[in-house]
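Here is a short question-and-answer tour of one protein model. Keep the sequence and the coordinates open as you read.

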Amino acid sequence: MNPKLPYVLLVGAAVMIFILSCMLLNRGGQSPSCESQSSVVEETGSMSQSLVFADLTPEEMSQVVRYLQGHLGVPLVDASRAKPSDNCIASVDLQVPAKAEVLRFLDGGGARPPREALAVLYFGNQPDPNITEFVVGPLPTPAYHRDVTVQKYGGKVPYHRRPTLGSEYEQLGVFLETKAFAAAPTFLREVLEYDRTNVAFQTTVPHGFQSGDRVTWFVLFQNVSGFFVHPVGLEVLVDHSSLDISQWAVSRVFYNGQYYRDMVQLESAYVQGRISVEKVRKAPWDGDFSSMKPRAPPAALFPMQFEPQGPRYSVRNNQVLFQAWSFAFGLSVSTGLRLFDIRHKGERVAYEISVQEALSVYGSNCPGGMSTRYMDGSFGLGRYTSPLVRGVDCPYLATYVDTHSVSDSLRPKKRKASLCIFEQNLGSPLRRHYSNLQSLYYGGLVNSALVIRSIATVGNYDYVWDFIFYQNGAIEGKVQATGYPSSSFLHGDGLRYGNRLWEHTLGTIHTHFVNYKVDLDVGGVKNSLVAHDMAFEMTRAPWSPEQQIERPRLTKKVLDTEDQAAFRLQSKMPRYIYFAANSKNKWGHQRGYRIQITSFAGDHVPEASSMERAISWARYQLAVTRRKEEEPTSTSIYNQNDPWTPTVTFADFINNETITHEDLVAWITAGFLHIPHSEDIPNTVTVGNSVGFLLRPYNYYDLDPSIYSHDGVFFTSEQDFTACEVNPLACLPKTASCLPNFPPFTYDGFRNM
């Protein structure tokens, strides 16, 4: 026998014992992976009813483009390189069918409405340049197109109203660099250290003071990260109304509080020493104070949510199912996130809930700032929807949905992960009660809600758009504003228009207004608008007549006309205002859905303003009108560049028509006043900058429908609350002790810029 053999056997046995011990320890200490369902996003070939609202597919968009190229009889230039004097396709979007057609299909077994697209074309290469809208169909194989411009707007849309294409902004940038700046080389070199790469521009709108103007102030900033808060004091007014780019010209120049006829005069004044120069310290590429790079190293990971038994919602094509809720979703190029056919417990409560517009009105003592009124729908709340970052923009394990659009190009553009859908435990009870009187018990329900979200980055601002669905039948529409504040160069009496944010940076005062369309169908299409509120009444105590009691009582009023249902921005509105059905609940009350608005809006532009009618929806915190197919939106993408002769005037919707037992629409406006302050550096936070509305059941049910939720918790003092069959929370160590399956982090936001 080999004398070394016992030692070899001993060593081998020790190794085996060690390996087995490790395996047992790992098996006992490591949690299993959470159960995961198969992908909740199902690309099915079924013709589900929700597809009547579905966004166009890339294939459908391409078919529309090819059809228009072959059937209009005029050359169409790719919008990404089109000149103002060219013809081009500006955008292609879904043409939403008429409501009556859709309801016949959804509820009456009628035919599926033809699937159609709405194409916006710019015709600059013809004797009468204009904007034309065509409906193209049927999809997926187009065979017809019809001009709907006159039908929609009562006449042709003048060419000067067209939203500015990206290609026109590029051409303006070239004009500034090669023509305008060439006239002031000494000033630019010595004051701005200009090298053709270190300056960024921000545009202003509207373009001038009267219909037909296309004259734009361009504000110059240092071209660094977060350039919006790095103004250099120079602003240039460019007249680009001519369709011939060679005719564009500088109309005025502003520097450090002084106006000049053009860049030649600015250069002359500088060379002669007649300018008060305020030289701005050159910022590093990361922006220094405006950099969003964290100033602290990573530490303990922030809390994260996961679904131990997989998602409790499903996404099929464009339809979401969550507990008692179902709805279809889509993304409009101009207005962004929109929902259709919203049902609770199988019954439709709203036909459409959609964003309409986001407006900002600025003040400043610089020309660019004081003349800015952004109507972001014109730029495109859907077009500028940005890819979402897992774990920050939405929970890491949310469902992410890609979207597609044709705008400023002939080819569909894919925006990966630009919508997210997730269930969120809000960390508080939806309802609860702890009883320590008479009987002893606890009852409660976790407030877990479904969220669908998109985030639009329009220039300096990021808008977080949410629609939230609660277990009690309530729906919330909410927008949170973040991003960078817009700024002006601080000079003179600048502090009348904001706060100083940095050495030369004035954070300019501005308002935010957002408008929503809410087409409620409560217990059917025909509804009335009812207001409930309170009033104190004086009465004698029946048991002690010599004593007086002030008691609140309920006041009730049916609002019969559109004029009665139009509530001005700062006016007093009934605290309870609701859409009432023609049916009643078990207790004899009209079934209803209440509208509750959360808003801290600043003041609206004075109605004497020449451009106010273009944004007249912002006069009202709430206006309820009869629903009409010819009034699909509260504004138009063409209002931005010609607000003095608006293409759509919301105020005209309100004409005292009767609104009892009619198909009604609520137009809701929420907003806030923003006076930028030092804590807006490096950029603005969402906390406190959130507004929106709630739609809440009001006698719609016989009791709170969330009582039927599977998430309820109830136990008494006499029960064993540690037993799983009594209290599901007691099972968490067993049912939720698993490791979530986190997919690898990916991000496509920097591709195909």
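**Helices, cores and one glycine**

UniProt, in an unreviewed entry, places the feature "domain: Copper amine oxidase N3-terminal" at residues 163–257; positions follow the numbering used here, feature names are shortened, and annotations may be inferred rather than shown by experiment. This is a predicted model: local features need pLDDT of at least 70, side-chain atom pairs count only at pLDDT 80 or more, and totals for chains, interfaces and linings use all residues. Residues are numbered from 1 along each chain as its sequence is written, and side-chain values use heavy atoms, with hydrogens and water left out.

Q: How far apart are the end C-alpha atoms of residues 163–257?
A: Helices (H or I, at least four residues) and strands (E, at least two) are DSSP runs, numbered from the N terminus. Over residues 163–257 the chain is 23% helix and 31% strand. The end C-alpha atoms are separated by 30 Å.

Q: What span should helix 5 have, and what is the distance between its end C-alpha atoms?
A: The expected span is 1.5 Å times one less than the number of residues. Helix 5 has 15 residues, so 21 Å is expected. The model agrees, with its end C-alpha atoms apart by 20 Å.

Q: Why do the buried residues of helix 7 lie on the same side?
A: Buried means under 20% relative accessible area (1.4 Å probe, protein chains only; exposed is over 50%, partly exposed in between). In helix 7 (residues 263–271) the buried residues are Met263, Leu266, Glu267, Ala269 and Tyr270. The arc is taken from the directions from the helix axis to the C-beta atoms. These residues share a side of helix 7 because their arc is only 165°.

Q: Which residue after helix 7 takes a positive phi?
A: At the start of helix 7, a side-chain oxygen of Asp262 comes within 3.2 Å of the backbone nitrogen of Val264. Just after helix 7, a positive phi of about 75° belongs to Gly273.

Q: Which strand gives the most to the largest nonpolar core?
A: A nonpolar core is a set of buried Ala, Val, Leu, Ile, Met, Phe, Trp, Tyr and Cys residues joined through side-chain atoms within 4.5 Å. The largest has 65 residues; Phe329, Ile342, Trp465, Phe467, Phe469 and Tyr516 touch the most other members. Six of its residues come from the top contributor, strand 16.

Q: What is the relative accessible area of Gly483?
A: Gly483 lies in strand 22 (residues 475–483). Gly483 is buried, with a value of 2%.

Methods
A polar contact is a pair of N or O atoms within 3.5 Å; within protein, one must be able to donate a hydrogen and the other to accept it, and residues adjacent in sequence count only if both atoms are side-chain atoms.
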